[in-house]
Amino acid sequence: MKNHAILMSMIITTNQTTTIKSADFTASTCSIDAEDMKYISSLLRNNYSDPMLATMREIIANGIDASRGTKVDVQLPTKIEPNFIVRDYGEGLSEEDMLGLYSKFGKSTKRDANKSIGGFGVGKFAPLAYTSSFIIVSYHDGVKDSYAMKVDDDEGTSIQKLFSENSGEANGIYIQVPIENQHVDSFNSKFKNFSRYIQDNLNVKNDSFDYIEPEISCDVFDFFEDSSDYYYRVSQHAECNKPYILMGGIMYPVNKDDDYKNFVNGLVYKAEIGEFKLHHSREALEYNNSTVEKLKKASDRIALALKKRLKVKFDSCDCLYEATTIQHDAVAKYGRFFSKDAVSVDFDTSKFGGEDVNSTLFKSKDLAITKVSRNSSGNLSFSNPRWFNNLYFSPSKNKIFIIDDGAMPRAPTNRLSFLNGNQEAVVIVGKTEEAQKSLLKRFKLMKSAKVKLLSECERTIAKRTAAKKSLGSSLAGTDVLLFDTNALCYKQSDVWKAQKEDLPDSETYYYVRYHSNKFQKLDGEAFGRDGDSSLANKKFVTSLMDINPDFKNVYGVRSSGLKKVAKMSNWIPLESVYVDWIKNSTKVQDTVNRIAINETLYERFGCNYLSLCDLTNQLCEKTVSNQIIKNLKNVFKTRDCLFSNTIERDQRVLLDLKLVKPTIAKEKKSISDFDKKYPLIKNLVKGSCINSYQDLSDVVDYFKNW
């Protein structure tokens, strides 16, 4: 048995072209000298940013090309058997072809047609980017030839025949690449991501994988939605974390760009082999003007395919509610990923009497709404938003729309008693006769149990039960609720808790009027500026607690208990005392003063007046006898500039009531005196000319010599 070795060579072919020269200059054809070939082969061999991925991609792609429909056997590396083995069932190679054709960089038999994945004649050397040698076995016409492909000590690439024997095995190529133990898990993880679209061409002998299903799959693209388990998906599934071109079963990443904006994360565009030109490393596309134009056209095809998909769904629906839901879900699901054009379907409005189909059921113009849901106590809660938009009319699994058609008796509490704890009703009425007619017209086209007329909601008469009252209690437990300042404020009902225990007569209690979960004065007027907001009420109460430590809780008393409470001396209406608390609070007064001082300083010296604070401290040390500067320093000390913003934010709801006026006459005079005495400083501060204070001596001299 003979051992054969051959040094890799590279045959460069040139196309004949006609060149018109302006003069008969000396010319020479570019070439590569044999002694320099090892440097070129090293460049081509180490042409990959991810050698492990390149190894599996190039070997398996070549195997699939050679096998022509027959599955390629794959054995993944393990800690016990750390070898990556691929066996294809092509024709195999004779010794002459192996040491001749196979050994040459750039030689390929796949360039005549776009039926093969490869074609550069470089990928067969890819394993040498990861390891210094690997085994190739060729089965050809009953002969088994084994070879070692390796990198020599002087960086030359060579192939050496090891042995030859007769074999009855089917033709093909067997390749074995050693994988380092510490890389086994990473290698197999990469293989899972790489093999998604070629799994039907492979027979993986020692492992199996679970592949996630795409949210959308069509002839043009697959889309793997960015879902709630996003971080798991992008770490375990490569198809989720970038846009890709799929060509010959291999995914190639796409650089995102506004020119082809429908290439979003999780999108895999299905291209024909050869549709896009690849970089010679086959790791990515070759970006040139042609590729960019093709990506733009592919982006348009993606948009068109998505529009067609939505159009098919729309054509199959027979009611306006379903059509609106389709459009709403498309915008909600895909609008944040794809272009606006991709999710905007031109629906045939004649199907629904000329009515518009968009992502909302109704238009908000000239409509009034009432939101109805069950609170934590299980009772129906009603609220009338002051401001709302079309989002209130978006279809939802747990949302029911009720058109108020003037049913008599109206009795919404009884008619909407069918709502369970997870449902929310939006009761809609038109403010004008025209708006009401439009509502009823769209209602007839809805044809859904999610949209009803109020008159269609059956009245249920609740059985009246007498509330048991404790004779010995100072107040009936059913009449009083505790306003819970620790509750999360999603809605009004969340902040009220039933007061079940009797309250001792020895303590003082502050109360407000409770009506339909609202926090009111005794005459029904709201407290503060945004009194209907549970969050505003909570801030109002906690701010009062901050300025009056004796104020621990506030209770809500139902209308039925107000007369009884009014007779009790230890129950005090909050509205009768909170104004005095605010007016007499030194905390509120100090905050108002600080704000007023800030405003005065800003008016005099502009937004850089904080620079003046630091400058004043230093000037006081240099000009000890200057009383005007001392007075200004006291102003800055009073305003507590470092913490005033936090204090203002905590007490903002009380400050908005404007019950306390600033008392800063002395401070105003100090600021005015300084401004008149040293007018140049105003210009210096406004121009930010003294921020560094590196040359403070000139400013000090200015004061001393004034």
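Here a biologist and a modeller talk through a predicted model of one protein chain.

Biologist: How many helices and strands are in the chain?

Modeller: The chain has 21 helices and 24 strands. Of its 706 residues, 45% count as buried.

Biologist: Let's take a cysteine. Why is C319 called buried?

Modeller: Buried means under 20% relative accessible area. C319 has 8%, so C319 is buried.

Biologist: And what makes C457 count as buried?

Modeller: The reasoning follows the cut-off again. C457 has a relative accessibility of 3%, which is under 20%, so C457 is buried.

Biologist: How do you know that C319 is in no disulfide?

Modeller: A disulfide needs two cysteine sulfur atoms within 2.5 Å. The nearest cysteine sulfur to that of C319 belongs to C317, and it is 6.4 Å away. That is outside the cut-off, so C319 is in no disulfide. The structure as a whole holds zero disulfides.

Biologist: Now the sheets. Which strands form the open sheet that contains β13, and in what order?

Modeller: Five strands form it, in the order β9-β10-β13-β11-β12. The edge strands are β9 (216–217) and β12 (250–253), and each pairs on one side only.

Biologist: What makes β9 and β10 a pair?

Modeller: Two strands pair if there are at least two bridges between them. β9 and β10 are joined by two bridges, so they meet the cut-off and count as a pair. They run antiparallel, and I216 stands opposite F223 in β10.

Biologist: Why is the pairing in this sheet called mixed?

Modeller: Look at the neighbours of β13 (residues 267–270). Strand β10 (residues 221–223) runs antiparallel to β13, with three bridges; there F223 has L267 as its bridge partner. Strand β11 (residues 244–247) runs parallel to β13, also with three bridges, and L246 stands opposite K270. The sheet holds both antiparallel and parallel pairs, and its pairing is mixed.

Biologist: Which helix packs on that sheet?

Modeller: Helix α6 does, touching β9, β10, β11 and β13, and its direction makes about 105° with that of β13.

Biologist: What about the open sheet with β15 and β18: why do these stand at the edges?

Modeller: The order there is β15-β14-β17-β16-β18. β15 (380–383) and β18 (451–453) each have a single partner strand, so one side of each is left without a neighbour in the sheet. Neighbouring strands of this sheet are turned by 25° against each other on average, direction ignored.

Biologist: How do you know that β14 and β15 pair?

Modeller: Four bridges join β14 (residues 367–374) to β15 in the antiparallel sense. At least two are needed, so the two strands pair. One of the bridges links S373 and S381. Helix α10 (residues 433–446) lies across β14, β16, β17 and β18, at about 135° to β17.

Biologist: Last topic: which residues have the most contacts inside the largest nonpolar core?

Modeller: They are I60, F84, I245, F263 and F338, in a core of 61 residues. Helix α6 (residues 289–316) gives the largest share of this core, six residues.

Biologist: What does I60 touch?

Modeller: Leaving out residues up to four places away in sequence, I60 touches V74, F84, V86, F191, F194, I198 and L202. A second, separate core has 29 residues, among them L481, F551, L574 and Y578.

Notes:
Residues numbered from 1 in each chain as written. Predicted model: local features only at pLDDT ≥ 70, side-chain atom pairs only at ≥ 80, totals over all residues. Heavy atoms only, no water. Axes fitted to C-alpha atoms, helices over the stretch in contact; angles between N-to-C directions. Contact = heavy atoms within 4.5 Å. Core = buried A, V, L, I, M, F, W, Y, C linked by side-chain atoms within 4.5 Å. Buried < 20%, exposed > 50% of the residue type's maximum accessible area, 1.4 Å probe, protein only.
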